[in-house]
Each structure stands twice: as C-alpha cells, then as structure tokens.
Amino acid sequence: MTSDLQKLLDILPQDLQQALVHHPKRDTLIEVVLDLGRFPEARFPGGAEYLSETAVTHEHLQACIQHVSLFGGDNRAGIEQTLHRISAIRNRTGDVIGLTCRVGRAIHGTIAMIRDLVETGQSLLLLGRPGVGKTTALREIARVLADDLNKRVVIIDTSNEIAGDGDIPHPAIGRARRMQVSRPELQHQVMIEAVENHMPEVVVIDEIGAELEALAARTIAERGVQLVGTAHGNQIENLVKNPTLSDLVGGIQSVTLGDDEARRRGSQKSVLERKAPPTFDIAVEMLERQRWVVHESVAETVDALLRGRQPYPQVRTVTESGEVIVTQEEPKSSSGSLISPAARSRRQSVGQVLPFHHKGYQRDTLGTWEPTQQLSLADPAHKAVLGTGELDTQRLVKAVNGHSLHLYPYGISRQQLEHIATTLKLPVVLVRELDEADAILTLPAHRKSQSKLERLAKQRQIRIQIAKGNTVLEITRALQRLLGIDALASLAPGELSLFSEEGSEHELEALEEARIAVEQVVIPKGQPVELLPRSAKVRRLQHELIEHYQLKATSFGEEPNRRLRIYPA
C-alpha cells in the first residue's frame, strides 16, 4: 500500500500535523475536514474525532489552499504526484469556507476477487457507495491491464483522482496513459478523443454520471474497445430506474405484447423490456471492501429484473488469509413478486392450523407443508399429489419429494393465486417460464385440443390443470385437486380474507357471521339459518363462502332488509 500520507499532512496547520503524526490510527485515516468556525475533524473507519479545540479560521483555510493546485470546475484540487484529493465548499460569493482533505492510497492486490473477469476482455462496470473503494479498484485494474496483460490502456482522469495531480501520472497506474479533462462537462468529448487519436485497447473512466457520458461509453464499446468504469449507484436496480444512466445496462423501453404472449407471461399487455445490448457486459456491486456481488451477464440480470424475477449473482469475498470464496446469492425477501408465496410463507409466524390433510405432506412448525416421507416412483400417491397427467421422472421427484410445486399460471390472475397460496400456506411456487414448471393452471377457454399451450405442455410432459373460473373459490378448488388436498372442512378467521374483495371490516364481519352459522349450526345440527340483512355485494361474497362448504343459500326479503338463508346439505 502506498499513501504518501506525509505530503497531505504537510498542507495542514502545524498543530493538526502534530496531532496526526503521532495518532495511533494514522494509517487508517480517511479524511480531514476543516469547516469555518468549527473544530477540525479527522475521520477514521470506526468514527470521527476532533483534532483541536481551536475553531478553524479563514487563515487556516488559506494556508492549506496555498499548498495545493488550483481548484477546477468541480471544486477539486490535488497535491502533485500524489493521489490525495482536496475538495472545497464555497459560500454564495465563491469564497472557500470548508475543505475536505481525502487520503488517496494505491493498494496492490485489491482486485484479486475479480481478476479473472478483468482478463476476459469484457467491459466491466463497478458500482458502490462513496468510500467503498471504487477508484482504488479502478486504478489497480488499469495497472494490471497495462503491466501484466500488456494492453494499451488510456485513463480518462476527469478530477485527477485516478493518476494523481500534476502532469506526471502517479506510478500506481503502471504503464497506462492518462488524459486529463479541463472541465468536468467535457468528459464525454475526451472519451471519444481518446479512441480516435490514441488507439487504446482499454479505456478506463471514473464516475459516469451524465447522459452524454453514457452515450459516449456506448460509442466506445461498439468500436470494440474494452471499457472499465464506475457509475453512480449501489446496485444494477439503481441504473435500471435512472433514466440518465439506464443506457449503460441496455436502456429501457415500453412494449405492447400480443394476447397470447401476455397470457403466456402472466403479465399485462404493456411491459418494460431492455432496448439494446448493455454497454457493459459485467457489473460488480461493491457492497463492502471485502465483499462484492458479481453479475457475469448484465443482459440476463436486467431481463430478469424487468420480468419480476430474482437474479442469482455471484458473491465473492476475501478471507483474512487472502483466499477468494465464490458463492451464489440467495433470493432476497421482498414484498414484490421477486420471491414466491411459498418462500414468503416460511417467514411468517404460525397462524391457525387448517383442519384439512394433504396427501403426502404435513405442516411444519412454521405452518409450511413438508413431505411426510420419501415417495418412490411406484407409489400410487403420485397420482394423488400430481394427478394422472404424464410427467417426466425428474419433475415428478422434485414435486413430490421437495417442498413445493412449481406452477405456471396461464390466463389466471397471478395476484389472486399468490394471495391464495400465501394465505393457505400451500406448497406452491409461481414461475414465469414454462420450462421451470411442474404443472400449468389455466381456464377452460385456453385449453383446446390444437392450442399452442396444449402442444407445449405435451412436448414438455407438463400436466394442465383446469380452473372452472377466475374466482377465489374455483382457483382454490383447482389447487386442491392439483395437490391432492382434501376439501377444507372449516376456515380460520384469518383465511376469510380470501373471499373478501376490499378487506374491509364490514365484509369480514359478514363473512365471519356466515362461517359461524355454517360451522356451528347448519352442518352439525342440520338446521337452516337466516343471516342479518346485507347489501347485494356483501351477500354475493357470503354466497361464495357458502358454496365453498358445498351448501346452498337463497336471498329473500325486500331491500334494505334482504338477507341470506343457508340450508343444510
């Protein structure tokens, strides 16, 4: 590690120099902050502390400014042939009233986690919060490409932060060449100039933050030059949502799908899709200095995010001994559609245990379905779990011996399916690709003998389960048939929300009234029951609930006293 820390301390007032020279944390110093009228402050990884009990004056600030280069349009200056950065805060008249003196360090070996990616020749984008080490990594990548791989590397150094201040670049960049930028707003022009005039094999860019810079980066990539850069944002999702920088990951556009394609995807007809190939092939999210997340295919990651699926990037960490460990990231828990209902149900607390039995499954302590035993292919329980449709061996074993059935909805409300599976804690995971499915759930209108769906299902040996309607009751019955679950004998109060449209207290109260009447009077005593007067909308919800118990009810009376009478079977 090379820091030239003493050169930074030399620009500070004498008393601050003495305080830092003998400081026990000197080697981990991040920056020194001087604000007019406040105590000078030193910042370390573990926190900040004051260096003096004397407030900073104009004289202190001017003394520091005299030892550094001129401030540019971005209010940054440096110390010649060092990597330190001095940033100014100005008042409304342009006078400097604060300085941030940041320590710049050249650290060899910082890119051990991704060196294999650097050597592929593909364009690489680094993302991360300020201070996580993006510029340090960028500097080391430039050195490795120039010295170890003997490539022609040109660095676009807008703030002289990569190769240091002055006309002679810092040795930390090796044989790489550096082009300075006179004004930050001209960075995109210098990027194009580098390619046209100096024949680089690699262009290194720090802090791509404007639309013109993103377009210039695409132009460079399309000319066959490897790009290595950083951008504002912690994760790829940030770039996807940023209209200025979204072109770095391919750009986003709205497209209108045909009816068949919309049903196949289980989505709306207007969806967002990637507009073009990404400028950068690989993206690295620098979460911490020793923990980076790698997206080896930016195109696949962006496509997955736009379709509501969870990408599975690599997580690379470095141990204290220097060993690089590569693991696969698990899906993130969220309230959106990136995680399946079955996975969400595992994180929910235990509610009322439903009084019905699943053939081949039992409830675990979290209320989730678990297999009671390992079933062999010869076991007739297969037909009870997955029906009689033709299924291939691997898919059948996964569905029976695993914890969930992967279901592909076609023309069925995905939101309603998620609600039902989550509320009843069914072992069902909704998938968006047909190749991932164990079974298909659809409506009668979409299953025709010569339909595309029928052909695809037959080719992939996937069973098609029919729901007679797109209502909660019919979808629930179809799932029960598909999973071999006995009909519900009763419902817990929390599960009445399945039959409620708005989830209002009035609707739930009416449904609870009907449930109690059925379970405590109509079924056990065989007696009819009249309910309280309700509106037409609420009576319809009560009718659906009563049909669920396979009972009949009629409405009688005149508005506003019209009500339901429930009859025993």
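The legends below describe close-up views of side-chain pairs in a predicted model.

**Figure 1. The aromatic pair of phenylalanine 39 and tyrosine 50.** A search of the whole structure finds one aromatic pair. Its members, phenylalanine 39 and tyrosine 50, meet edge-to-face, with 5.5 Å centre to centre and 85° between the planes. Phenylalanine 39 belongs to the loop between strand E1 (31-35) and strand E2 (41-44), whereas tyrosine 50 belongs to strand E3 (residues 47-50), so the pair ties together parts that are 11 residues apart in sequence. Phenylalanine 39 counts as partly exposed because its relative accessibility, 37%, falls between the limits of 20% and 50%. Tyrosine 50 has a relative accessible area of 54% and is therefore exposed, the limit being over 50%.

**Figure 2. Surroundings of phenylalanine 39.** This view is centred on phenylalanine 39, in the loop between E1 and E2. Leaving aside residues up to four places away in sequence, phenylalanine 39 touches Tyr50, Ser52, Glu53, Thr54, Ala55 and Val56. Leucine 51 is 12 residues from phenylalanine 39 in sequence, and the C-alpha to C-alpha separation of these two residues is 7.4 Å.

**Figure 3. Charged ends over phenylalanine rings.** The ring of phenylalanine 44 has the charged end of lysine 25 over it, at 5.9 Å from the ring centre. In the second example, the charged end of arginine 90 sits over the ring of phenylalanine 71, and the distance from the ring centre is 5.7 Å.

**Figure 4. The salt bridge between glutamate 161 and arginine 76.** A search of the whole structure finds 25 salt bridges. One of them joins the side chains of glutamate 161 and arginine 76, at 3.3 Å from N to O. The pair links distant parts of the chain, 85 residues apart: glutamate 161 lies in the loop between strand E8 (153-157) and strand E9 (177-180), and arginine 76 in strand E4 (residues 76-78). Both glutamate 161 and arginine 76 are buried.

**Figure 5. The salt bridge between arginine 152 and glutamate 201.** The side chains of arginine 152 and glutamate 201 meet with an N to O distance of 3.9 Å. Arginine 152 is placed in the loop between helix H5 (134-148) and E8, and glutamate 201 in the loop between helix H6 (187-198) and strand E10 (202-208), so the salt bridge ties together parts that are 49 residues apart in sequence. Arginine 152 is partly exposed, at 45% relative accessibility. Glutamate 201 is also partly exposed, and its relative accessible area is 32%.

**Figure 6. The salt bridge between glutamate 507 and lysine 537.** The closest N and O atoms of glutamate 507 and lysine 537 are 3.5 Å apart. Here the distant parts of the chain that are linked are two helices: glutamate 507 is in helix H17 (residues 505-525) and lysine 537 in helix H18 (residues 536-548), 30 residues apart. Glutamate 507 has a relative accessible area of 3% and is therefore buried, the limit being under 20%. Lysine 537, by contrast, is partly exposed, with a relative accessible area of 31%.

**Figure 7. A salt-bridge network.** Arg76, Arg85, Glu161 and Glu207 are joined into one network by salt bridges that share partners.

Technical notes
Residues numbered from 1 in each chain as written. Predicted model: local features only at pLDDT ≥ 70, side-chain atom pairs only at ≥ 80, totals over all residues. Heavy atoms only, no water. Phe/Tyr/Trp six-rings, centres within 6.5 Å; stacked < 30°, edge-to-face > 60°. Helix = DSSP H or I, 4+ residues; strand = E, 2+ residues; numbered from the N terminus. Buried < 20%, exposed > 50% of the residue type's maximum accessible area, 1.4 Å probe, protein only. Lys NZ or Arg CZ within 6 Å of the ring centre and 35° of its normal. Contact = heavy atoms within 4.5 Å. Salt bridge = Lys/Arg side-chain N within 4 Å of Asp/Glu carboxyl O.
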